[in-house]
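Me: I would like to go through this model step by step, with short questions. Please reason through each reply and finish on what was asked.

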Number of protein chains: 2
Amino acid sequence: MSRLVAPGELGVVNIGTLRTEAGAIIPDARIAYRRWGKLHGLDSGRTNIILVEHSLTSGPDVDEWWPGLIGPGLALDTNKYCVVCTNSIGGCHGSTGPSSPHPEGGYWGSRFPGISIRDQVTAEIAFLDALGIEGVHAVIGGSMGGARALEWAAMYPERLSAAAIIAVSARASAWQIGIQAAQIDAIEGDPHWHGGNYYGTGQQPREGLATARRIAHLTYRGELELDERFGVEAQEGENPLGPVRDPQQRFAIESYLDYQARKLTSRFDAGSYVTLTDALNRHNIGRGRGGLNRALATIQVPCFVVGVDTDILYPYHQQEHLSRNLGNVLGMARISSPVGHDAFLAEFRQMNRIIRRFITLASAATLPEPGSHFS
Amino acid sequence: MSRLVAPGELGVVNIGTLRTEAGAIIPDARIAYRRWGKLHGLDSGRTNIILVEHSLTSGPDVDEWWPGLIGPGLALDTNKYCVVCTNSIGGCHGSTGPSSPHPEGGYWGSRFPGISIRDQVTAEIAFLDALGIEGVHAVIGGSMGGARALEWAAMYPERLSAAAIIAVSARASAWQIGIQAAQIDAIEGDPHWHGGNYYGTGQQPREGLATARRIAHLTYRGELELDERFGVEAQEGENPLGPVRDPQQRFAIESYLDYQARKLTSRFDAGSYVTLTDALNRHNIGRGRGGLNRALATIQVPCFVVGVDTDILYPYHQQEHLSRNLGNVLGMARISSPVGHDAFLAEFRQMNRIIRRFITLASAATLPEPGSHFS
């Protein structure tokens with residue numbers, strides 16, 4: 001086992017050539033990651049790693065998007081566990097993605113292949129292999145991260161003890177594909193997209209990405225929560241009820257969505273947004289495994305399923321479906337919140353309880369005693 | 001009282017100058033309409049008219065979008081009632097809208113004012129005035145039509161006996177404004193939009209309108225219904241799971257949404273779409289009336305409230321809110337359907353029962369005996 005990057009810092013691991021599920025090749029692929037807490041490993045290869053899987057537009061900064069949940073004595077207790085979070089292949093937080101240099105020159109751009117959730121897991125396994133780490137204690141993820149956690153349990157059951165699958169489904173739904181395709185269309189329709197090859201042109205499809213984010217954000221937030229915050233209020237100093245319609249005169253909710261859009265375009269790559277959204281559209285635990293419920297039934301890794309009662313994007317019935325059909329259900333939790341899908345990022349008090357409960361249950365499975373130490 | 005257009009045919013009535021709620025002027029405004037059944041009027045001015053209010057992209061062709069519900073002996077019984085449906089001001093089915101010629105030359109285009117639901121009702125009252133019709137028996141509408149029916153009851157209680165308010169809310173919600181603004185943005189961002197003045201250029205913002213419709217359609221249909229129909233199926237002959245993402249390789253749901261989009265762009269004007277969507281954003285029964293619930297409480301017209309259990313766009317709690325706060329609730333009905341918002345257009349068996357029940361209840365209020373006849 002090789003040494004990990006210093007706690008909290010960004011490390012990058014070369015995983016060599018990645019062959020995707022659909023048969024494309026990514027040579028010299030790199031996976032970026034952060035970790036917190038000391039790694040305890042045994043000769044058997046099992047470790048005290050809790051692998052956290054990020055959602056679509058977040059990255060390996062777990063301490064930023066789950067503040068208060070990771071640290072000494074906290075739910076993700078860095079006194080006991082080594083918490084690792086990798087940036088997904090296709091992402092833009094250090095791992096190889098469309099904005100990365102291509103080995104033959106220029107940027108990947110439109111040459112970057114379509115990837116699936118399974119490809120994300122394959123890359124993560126290659127990352128662990130490169131570090132000489134055989135197994136992890138648990139995999140936890142929400143939204144796209146939940147899809148990754150679920151595929152982990154299906155693909156590499158021998159390499160994890162338990163999985164927490166949060167606010168996701170067994171496969172993409174038609175509604176999700178529809179609303180996600182609308183976001184991809186908005187980006188691909190931006191004249192600055194240049195067929196995916198805008199890198200190095202000095203242009204970026206910011207408008208398209210902003211449109212995508214506005215739409216997406218409405219699927220991330222609960223309808224009642226948004227209404228209680230914004231209702232039909234006009235943005236301060238603007239009048240959306242004037243005698244002639246004027247796009248500069250906005251309702252408060254429009255201004256809020258514009259703000260969310262600007263926040264994203266300043267920090268996230270449009271190519272990665274398309275690639276990872278496409279990966280969500282490809283999510284299907286049943287593909288090539290005899291269908292959805294047969295695939296779920298064969299999963300023997302203990303799984304903990306979490307949903308949000310007001311989730312528009314991944315309605316709670318999808319998590320009920322998971323819990324009814326998974327082969328080994330450790331438990332289930334329902335986040336009660338007006339926030340909608342994003343509740344797993346926002347309801348810290350409930351998430352604290354849920355993660356603690358998951359880890360308690362997961363640790364009923366044998367956790368290796370601290371043996372040789374790596375840090 | 002003047003004569004109405006022949007049954008089923010399209011008539012147009014000049015209503016003169018319309019002054020909008022926000023203070024704009026539309027001179028020489030025209031309202032197109034259809035009617036079915038004989039008009040019975042009394043000297044008092046009351047009539048047997050049932051005024052049906054269309055939704056955003058439908059028009060006065062009630063027989064097309066409520067087939068089986070209108071005709072002799074049917075729920076909207078043309079043996080007993082004179083069913084009238086006007087095209088909304090701002091629309092593109094014969095009434096004055098952005099695509100209409102402007103009195104000073106050219107087309108209205110960007111000169112067409114922002115209108116509210118109240119302006120739609122004001123125009124309809126002017127339409128009735130022009131025909132010498134004082135009162136109607138009932139007003140029925142779903143979605144945008146429901147908003148119009150609600151404003152009718154608030155604005156002109158002396159001119160109707162009852163209202164059926166279907167699949168709508170007391171005001172726009174922040175979520176609705178957000179998703180509707182995204183649709184408007186898509187159209188206004190189309191280079192063929194030309195700031196709203198594309199009429200006569202030979203260009204039309206078809207792509208923008210198509211994008212708007214794809215998004216809108218996902219708010220009109222139930223998530224479970226779409227999933228049961230399309231799931232993660234690929235469109236026949238296409239492969240959305242290929243090694244490189246290709247917009248031409250679609251999931252079946254994408255193809256379906258493209259089809260819905262093409263159907264709309266071939267029959268509906270983008271300018272009217274923007275104007276009427278903006279009117280939905282302005283919907284607020286409480287504006288200038290002491291707030292939402294005070295406004296609802298003062299409505300003494302008997303109202304029948306209908307909602308759909310799976311409506312994403314106008315969730316059922318919004319109709320529950322109406323029924324709790326309206327001053328005079330005749331009854332309430334819940335359409336049970338996987339279809340979502342569009343259930344009021346799709347679930348004919350339930351709608352048949354609901355409209356019959358509404359009319360029975362509404363007719364408990366005095367319906368004038370047939371007196372002087374107009375046709």
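Me: What rotation superposes chain B on chain A?
Reply: This is a predicted model. Two copies of a chain are related by a rotation about an axis and a shift along it. Here the shift along the axis is 0.0 Å and the RMSD is 0.0 Å, and that is the relation of a two-fold axis. The rotation that places chain B on chain A is 180°.

Me: What percentage of the contact residues of chain B recur in chain A?
Reply: The two copies are related by a two-fold axis. The same surface serves both copies. The share of chain B contact residues that recur in chain A is 100%.

Me: Into which domains is chain A divided, and how far apart are their C-alpha centres?
Reply: Domain 1 of chain A is made of 11–172 + 282–374, and domain 2 is 176–278. The contact between them takes 35 residues from domain 1 and 28 residues from domain 2. The distance between the C-alpha centres of the two domains is 27 Å.

Me: Which three residues supply 26% of the area that domain 1 of chain A buries against domain 2 of chain A?
Reply: The area buried between the two domains of chain A is about 2400 Å², and carbon and sulfur atoms give 58% of that. On the domain 1 side, three residues supply more than any other three. They are L56(A), T57(A) and L313(A).

Me: Which residues does UniProt list for "active site", and why can they be said to gather at one spot?
Reply: They span 199 residues in sequence, yet no two of their C-alpha atoms are more than 10.8 Å apart, so they gather at one spot. The listing comes from an unreviewed UniProt entry. The residues it names are S143(A), D311(A) and H341(A).

Me: Is D311(A) buried or exposed?
Reply: D311(A) sits in the loop between β10 (303–308) and α10 (316–325) of chain A. Its contacts beyond four places in sequence are A167(A), T219(A), G340(A) and H341(A). The relative accessibility of D311(A) is 6%, and buried means under 20%. D311(A) is therefore buried.

Me: With which side chain does the side chain of H341(A) make a polar contact at 2.7 Å?
Reply: H341(A) is in the loop between β11 (329–335) and α11 (343–346) of chain A, and its relative accessible area of 1% makes it buried. Contacts of H341(A) outside its neighbours within four places in sequence include S143(A), Y220(A) and D311(A). The side chain that makes the 2.7 Å polar contact with the one of H341(A) belongs to D311(A).

Me: Which backbone nitrogen does the side chain of D311(A) reach at 2.9 Å?
Reply: The side chain of D311(A) makes a polar contact with the side chain of H341(A). The side chain of D311(A) also reaches a backbone nitrogen, at 2.9 Å. That nitrogen belongs to L313(A).

Me: Where is R213(A), one of the residues UniProt lists for "binding site"?
Reply: The unreviewed UniProt entry lists R213(A) and D342(A) under that name. They are spread over 130 residues of sequence but cluster in space, with a largest C-alpha distance of 13.8 Å. R213(A) is buried, with a relative accessible area of 10%, and its contacts include T57(A), Y220(A) and Y273(A). R213(A) lies in helix α5 of chain A.

Me: Which residues does D342(A) touch, not counting residues up to four places away in sequence?
Reply: D342(A) is placed in the loop between β11 and α11 of chain A. At 12% relative accessibility, D342(A) counts as buried. The residues it touches are Y220(A) and R221(A).

Me: What helices of chain B help to cover the buried residues of α6(A)?
Reply: In helix α6 (residues 223–230) of chain A, E223(A), E225(A), L226(A), D227(A) and F230(A) are buried. Their cover includes α5 (206–220) and α7 (252–265) of chain A. From chain B, the cover includes α4 and α10 (316–325).

Me: Which residue has its backbone oxygen 2.5 Å from a polar atom of the side chain of S169(B)?
Reply: S169(B) is in the loop between β9 (160–166) and α4 (174–188) of chain B. S169(B) is buried, at a relative accessible area of 2%. The backbone oxygen in question is that of R171(B).

Methods:
Residues numbered from 1 in each chain as written. Chains lettered and ligands numbered in written order. Predicted model: local features only at pLDDT ≥ 70, side-chain atom pairs only at ≥ 80, totals over all residues. Heavy atoms only, no water. Least-squares fit on C-alpha atoms with pLDDT ≥ 70 in both. Contact = heavy atoms within 4.5 Å. UniProt positions renumbered as here; feature names shortened; annotations may be inferred. Helix = DSSP H or I, 4+ residues; strand = E, 2+ residues; numbered from the N terminus. Buried < 20%, exposed > 50% of the residue type's maximum accessible area, 1.4 Å probe, protein only. Polar contact = N/O pair within 3.5 Å; in protein donor to acceptor, adjacent residues only side chain to side chain. Domains from an automatic or database assignment. Buried area = accessible area lost by both parts, 1.4 Å probe.
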